[in-house]
Amino acid sequence: MEKFTTHTGRVVPLRRSNVDTDQIIPAHWLKKVTRSGFEDGLFEAWRKDDSFVLNQPQYAGASILVAGPEFGTGSSREHAVWALENYGFRAVISSRFADIFRGNSLKNGLLTVILPQEAVERIWALVEADPTAEVTVDLEAREVRAEGLDSVPFELDENVRWRLLNGLDDISITLQQESEISEFEANRPAFKPTTVQAG
Amino acid sequence: MGRTLAEKVWDDHVVRHAEGEPDLLFIDLHLLHEVTSPQAFDGLRLAGRKVRRTDLTIATEDHNTPTLDIDKPIADPVSRLQLETLRANCAEFGVRLHSLGDAEQGVVHVVGPQLGLTQPGTTVVCGDSHTSTHGAFGALAFGIGTSQVEHVLATQTLPLAPFRTMAITVEGELPDGVTAKDLILAIIAKIGTGGGQGYVLEYRGSAIRGLSMEARMTICNMSIEAGARAGMIAPDETTFAYLEGRDHAPKGEDWDAAVAYWKTLATDEDAVYDAEVFIDASTLSPFVTWGTNPGQGAPLGADVPDPASFEDPQERASAENALRYMGLTAGTPLREVSVDAVFVGSCTNGRIEDLRAAAAVVEGRKVADGVRMLVVPGSVRVALQAVAEGLDKVFTAAGAEWRHAGCSMCLGMNPDQLAPGERCASTSNRNFEGRQGKGGRTHLVSPQVAAATAVLGHLASPADLSDARETAEV
């Protein structure tokens with residue numbers, strides 16, 4: 001996983017709530033067997049509309065998405081995170097994220113930042129007035145700041161933060177617990193099911 | 001202090017607990033399908049890792065599979081490649097797979113329970129958000145992303161953040177014609193698409209205890225549509241009766257030991273939930289969605305709501321967008337909304353009881369002119385059972401299409417899709433924009449409402465059909 005320490009970039013203001021993962025990446029894109037090449041599928045249906053915020057030239061090259069509440073609801077598809085990253089986003093800010101999407105994002109180094117809706121509104125207003133305004137998402141200081149905006153602190157689980165700051169691979173960390181896993185396995189009740197076919 | 005069902009199952013699977021770290025949980029059952037696994041197997045290969053417990057892993061093909069001409073090569077080369085990738089990965093890593101054409105193939109969340117693999121007190125994961133279905137057995141079951149799929153393949157464990165518990169207590173009797181689907185749609189409308197966020201929901205109360213296993217699966221299936229981590233129902237005699245004798249259910253002494261354990265799982269009397277919701281079952285009626293998220297629903301007898309009636313500005317904007325996308329006008333009675341298509345199937349409502357319920361409504365009647373009705377059993381076993389009962393004939397005689405098992409029009413990854421602007425009454429779980437095909441419009445309904453809607457051509461319940469059968473029989 002790529003490390004995340006601090007990132008400064010321009011912002012796309014997405015004034016929508018309940019942005020589900022079917023909108024982020026439609027199902028027909030899910031047939032791909034790679035983790036890359038999803039950028040053209042990002043918000044595919046909405047991008048057909050010229051007025052959609054991602055199509056507005058003043059937001060080209062922005063790397064932080066700021067969206068309404070309940071971002072990432074629905075399907076567990078990690079492709080939604082890959083699509084955002086492939087497109088060039090490094091962070092998404094919202095007042096509420098769906099659990100699975102948030103878990104997926106943090107495992108891929110896409111920082112999802114929870115800010116109060118009131119702070120989201122202030123960032124929207126800032127970048128709609130001046131699309132060149134840069135916003136900094138600082139994981140070390142755990143704050144979002146920008147010129148003309150009071151810095152806003154955010155919470156993140158300390159263990160998750162440590163993994164992101166160091167770009168650590170979850171699987172290698174877990175494999176260090178091999179003896180505990182083996183011990184647990186040895187003590188599982190005999191009645192627990194297996195997928196082994198009879199005969 | 002006592003513990004809840006969810007806390008007991010969690011505690012029994014903690015491999016490692018350390019201050020400042022997420023608990024590491026053991027996973028009893030890992031279900032795989034073609035869409036969310038290829039990148040996980042790639043990750044294993046790159047790191048030179050194996051599947052740790054192939055004996056706790058099983059795969060099926062469902063999301064991409066066609067529901068017609070399954071004996072022919074799959075027409076879409078991209079879908080074909082994805083299925084071939086799953087086959088190659090399962091062969092290479094030694095994972096049991098039920099491919100298209102196999103008697104055990106079907107939607108992953110239908111296959112697990114019918115094989116008896118889903119059992120009380122187990123942890124079940126799958127790279128699919130509707131894994132919450134398995135919570136109907138008192139399993140802690142949840143959807144995971146592809147990085148986590150790889151993690152489980154490699155370690156049979158997952159580091160997991162703690163959860164909160166929410167009791168959803170449904171007391172009383174569901175009125176005639178009101179189903180588990182109506183109940184869960186009403187619950188989601190009440191608590192919202194984010195209402196369950198961070199929580200494991202436990203459905204309880206007399207109305208829940210009175211439900212069959214299949215109905216309980218419908219309820220738990222849609223827990224994710226309320227944003228929940230998982231949904232669970234305490235195992236009871238209904239659960240044990242469903243499991244006994246199934247292929248992978250414990251046998252002999254193991255059965256007795258298992259049942260004794262399963263009986264300890266129910267939430268203790270003195271346990272405390274972090275949140276509680278109460279619902280009076282007797283107040284419910286058939287429920288349908290009018291918008292583009294599963295929380296945007298209303299009783300069938302209601303009108304399309306006016307966005308201005310929503311106080312919250314985000315909800316109001318969301319309702320405005322939804323009506324625009326759905327092509328609906330505020331104030332229109334939902335019963336006057338006509339449809340082009342009806343879909344019966346999916347991991348929500350693709351089991352045998354669902355097909356029986358829909359068949360009972362269309363029997364002796366005809367699907368309305370201009371309406372296409374697709375019936376897609378959740379698995380091959382469900383299909384075979386339906387054929388044995390003659391349900392396929394009932395559907396085809398009514399003018400519906402009887403198809404092969406799979407996810408089909410629930411998410412339109414195979415050729416079963418709506419055309420732009422087409423409107424569908426669907427027994428599936430998501431009414432998101434474009435979910436059933438680009439530009440398609442989805443109303444989530446129960447199998448009974450789906451079938452009545454197919455006959456009348458507009459959203460309707462079986463109660464609206466009082467004399468359509470006589471007319472059809474003339």
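Which residue of β16(B) is the bridge partner of Val344(B)? Figure 1 has the reply, and the other views take us around the rest of this predicted model.

**Figure 1. A look at the open sheet of chain B, with its five strands.** Reading across, the strands come in the order β17-β16-β15-β18-β19, and the pairing is parallel. At the edges sit β17 (401-402) and β19 (441-444) of chain B, each of which pairs on one side only. Go inward and you meet β15 (residues 341-344) and β16 (residues 372-375) of chain B, a parallel pair joined over four bridges. Here is the reply to the opening question: Val344(B) has Val375(B), in β16(B), as its bridge partner.

**Figure 2. Helices α13 and α16 of chain B, packed together.** Helix α13 covers residues 352-362 and helix α16 covers residues 447-456, and their axes are 8 Å apart. The angle between this pair is about 30 degrees, so α13(B) and α16(B) count as roughly parallel to each other. Their crossing is right-handed. On the α13(B) side, the residues that meet the partner helix are Asp354(B), Ala357(B), Ala358(B), Val361(B) and Val362(B). Across from them, α16(B) brings a set that includes Pro447(B), Gln448(B), Ala450(B) and Val455(B). Sorted by class, this contact has 10 nonpolar residues, one polar and one charged.

**Figure 3. Helices α2 and α5 of chain B, another packed pair.** This time the helices are α2 (residues 38-47) and α5 (residues 146-155) of chain B, with axes 8 Å apart and an angle of about 50 degrees. That angle is why α2(B) and α5(B) are described as oblique to each other. The crossing of α2(B) and α5(B) is right-handed. Look for Gln39(B), Ala40(B), Gly43(B) and Leu44(B) on α2(B). They meet Thr146(B), Val149(B), Glu150(B), Leu153(B) and Ala154(B) on α5(B). Five of the residues in this contact are nonpolar, three are polar and one is charged.

**Figure 4. The buried residues of α2(B), and what covers them.** Which residues of α2(B) are buried? They are Pro38(B), Gln39(B), Ala40(B), Phe41(B) and Gly43(B). Their cover includes α3 (77-93) of chain B, as well as α5 of that chain. Just after the helix comes Gly48(B), whose phi is positive, near 65 degrees.

**Figure 5. Thr332(B), a loop residue.** You can find Thr332(B) in the loop that runs between α11 (313-326) and β15 of chain B. Is Thr332(B) buried or partly exposed? Thr332(B) has 13 other C-beta atoms within 10 Å, so it counts as partly exposed. Setting aside residues up to four places away in sequence, Thr332(B) touches Asp303(B), Val304(B) and Val337(B). Pro305(B) is worth finding too: its C-alpha is 8.2 Å from that of Thr332(B), with their positions 27 residues apart in sequence.

**Figure 6. Chain A as a whole.** Before we zoom in again, here is some background on this chain. Chain A has eight helices and seven strands. Its C-alpha atoms fill a box of roughly 65 × 40 × 25 Å along the principal axes. The chain has 199 residues, and 45% of them count as buried. If you take contacts in chain A between residues at least 6 apart in sequence, 70% join residues at least 24 apart.

**Figure 7. Where chain A touches chain B.** In this view, 51 residues of chain A are in contact with 67 residues of chain B. On the chain A side, the elements giving two or more residues are α1 (21-24), α4 (99-107), α6 (158-166), α7 (170-175) and α8 (178-186). Which of these gives the most? That is α4(A), with five residues. By class, the chain A side divides into 17 nonpolar, 19 polar and 15 charged residues.

**Figure 8. Thr174(A), a residue of helix α7 of chain A.** With 22 other C-beta atoms within 10 Å, Thr174(A) is buried. Which residues does Thr174(A) touch, leaving out those up to four places away in sequence? They are Leu24(B), His151(B), Thr155(B), Thr157(B) and Pro159(B). For a sense of scale, try Asp20(A): Thr174(A) and Asp20(A) are 154 residues apart in sequence and 31 Å apart in space, C-alpha to C-alpha.

Technical notes. Residues are numbered from 1 along each chain as its sequence is written. Chains are lettered from A and ligands numbered from 1 in the order in which they are written. This is a predicted model: local features need pLDDT of at least 70, side-chain atom pairs count only at pLDDT 80 or more; totals for chains, interfaces and linings use all residues. Two residues are in contact if their C-beta atoms, placed from the backbone, lie within 7 Å. Ala, Val, Leu, Ile, Met, Phe, Trp, Tyr, Cys and Pro count as nonpolar, Asp, Glu, Lys and Arg as charged, and the others, Gly among them, as polar. Axes are lines fitted to C-alpha atoms, for helices over the stretch in contact, and angles run from 0 to 180 degrees between N-to-C directions. Angles under 35 degrees count as roughly parallel, over 145 as roughly antiparallel, 65 to 115 as roughly perpendicular and the rest as oblique. A crossing is left-handed if the near helix is turned anticlockwise from the far one by less than a right angle, and right-handed if clockwise. A residue is buried if 20 or more other C-beta atoms lie within 10 Å of its own, exposed if 12 or fewer, and partly exposed in between; C-beta atoms are placed from the backbone. Two strands pair if DSSP finds at least two bridges between them.
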